[in-house]
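Here are my notes on this model, as numbered points. Have it open next to you while you read.

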Amino acid sequence: MTGTTRELWRVPEASVDASCIGERAAELVERLQAIVAEFRDVRFASSMAAEDMVVIDAIVTARLGITIFTLDTGRLHDETVQMTARTEAHYGVDIHRVRPQSQDVASFVDQYGVNGFYDSELAKKACCHVRKVVPLNQALHGADAWLTGQRRQQAVTRTELDLREHDSERGMTKFNPIHDWTDAQVWAYLQHRQVPIHPLHDRGYPSIGCEPCTRAIRADEEIRAGRWWWLQQENKECGLHIK
Ligand code: SF4
């Protein structure tokens, strides 16, 4: 097939030198230290994918006392569940699993079917609301600020990300401490610092979410093309990051 490739996306080779990564790592720790100095209770929502592993590594190695949690939607890959346990063992930390309410899930399934998110945008939003947004809101209850691993380069919906945002939905400040990192810097950081890497990254998944809504991508696709692949790029958010 001319002009296209069937090759799966692959983890980029380390193309950034160690001194550059050292500078970015130091800057990241400074950003996190400033957040912790300003806010009493800071929490980090991690998916265990590459960007979030950068942030976890910085939080833990700099001993910043930021609570780390993950949204266990009930539809994750087994590899993600195992990655959470592996990360806890590697760093000697607890990662809180936040799960949806069983009654909310049952109501969704009754109305739309267990995989009803394939059938309409409305059902997809309803599923993400029950399995992600409500648990996120619960996980952030009582916090002053929260962190994400989002980056501008990840998607057309994220090109204007700032370090600091006001999360009006939850009435608190939200930080994206690696918003201005490149793909190459993320992968170089992970490789240079020997951070645990989610095994699905080696199988063509640059971005990892729930199992039924995430697929491997080709090398010439956008890095979030495998998330809700049946939708347009502009609709590839799940309600966690509404501005
Ligand atoms: S990503 Fe898919 S399975 Fe996961 S909560 Fe959203 S619609 Fe449901």
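1. Overall size first. This is a predicted model, and the protein chain has 243 residues with a radius of gyration of 18 Å, which agrees with the value near 18 Å that a compact globule of that length would have. Along the principal axes, the C-alpha atoms fill a box of roughly 55 × 50 × 35 Å. Buried residues account for 37% of the 243.

2. Next, the layout. The protein chain has six helices and six strands, and from the N terminus the elements go α-β-α-β-α-β-α-α-β-β-β-α. If you take contacts between residues at least 6 apart in sequence, 74% of them link residues at least 24 apart.

3. On to the sheet. Six strands make up an open sheet with mixed pairing, in the order S3-S2-S1-S4-S6-S5. Strand S3 (96-98) and strand S5 (164-167) sit at the edges with a single partner strand each, so one side of each has no neighbour in the sheet. From one strand to the next, the twist averages 30 degrees.

4. S1 is a good place to zoom in. It pairs with S4 in the parallel sense over three bridges, and arginine 43 is opposite tryptophan 146 in S4. S1 and S2 also run parallel, joined by three bridges, with phenylalanine 44 opposite isoleucine 68 in S2. The path from S1 through H2 to S2 is a right-handed β-α-β crossover.

5. Look at the side chains of S1 too. Val42 and Phe44 point one way, Arg43 and Ala45 point the other way, and all are buried. I'd pause at Arg43, one of the buried residues here.

6. Now the packing. The largest nonpolar core holds 39 residues, and Phe44, Val54, Val55 and Ile59 touch the most other members. At least two residues of this core come from each of helix H1 (18-38), strand S1 (42-45), helix H2 (50-61), strand S2 (67-71), helix H5 (121-140), strand S4 (145-147) and helix H6 (183-192). H2 gives the largest share, seven residues.

7. What does valine 54 contact, once its neighbours within four places in sequence are left aside? The partners are Gly149, Ile178, Val186, Tyr189 and Leu190. There is also a second, separate core of nine residues, with Cys127, Cys128, Cys210 and Trp228 among them.

8. Two backbone angles deserve a look. Methionine 48 is not a glycine, yet its phi is positive, at about 75 degrees. Methionine 48 lies in the loop between S1 and H2. Is methionine 48 buried or exposed? It has 25 other C-beta atoms within 10 Å, and the cut-off for buried is 20 or more, so methionine 48 counts as buried.

9. The other one is glutamine 194, again a residue other than glycine with a positive phi, near 50 degrees. Glutamine 194 is in the segment after H6. With 9 other C-beta atoms within 10 Å, glutamine 194 is exposed, because the cut-off for exposed is 12 or fewer.

10. If you only revisit a few spots, I'd suggest these. Start with S1, which has parallel pairing to S4 and to S2, then go to H2, which supplies seven residues of the largest nonpolar core. After that, put the two positive-phi residues side by side: methionine 48 is buried, whereas glutamine 194 is exposed.

Note on methods
Residues numbered from 1 in each chain as written. Predicted model: local features only at pLDDT ≥ 70, side-chain atom pairs only at ≥ 80, totals over all residues. Helix = DSSP H or I, 4+ residues; strand = E, 2+ residues; numbered from the N terminus. Rg over C-alpha atoms; globule rule 2.2 N^0.38 Å. Contact = placed C-beta atoms within 7 Å. Core = buried A, V, L, I, M, F, W, Y, C linked by C-beta atoms within 7 Å. Pairing = 2+ DSSP bridges. Right-handed = clockwise from strand over helix to strand, strands pointing away. Axes fitted to C-alpha atoms, helices over the stretch in contact; angles between N-to-C directions.
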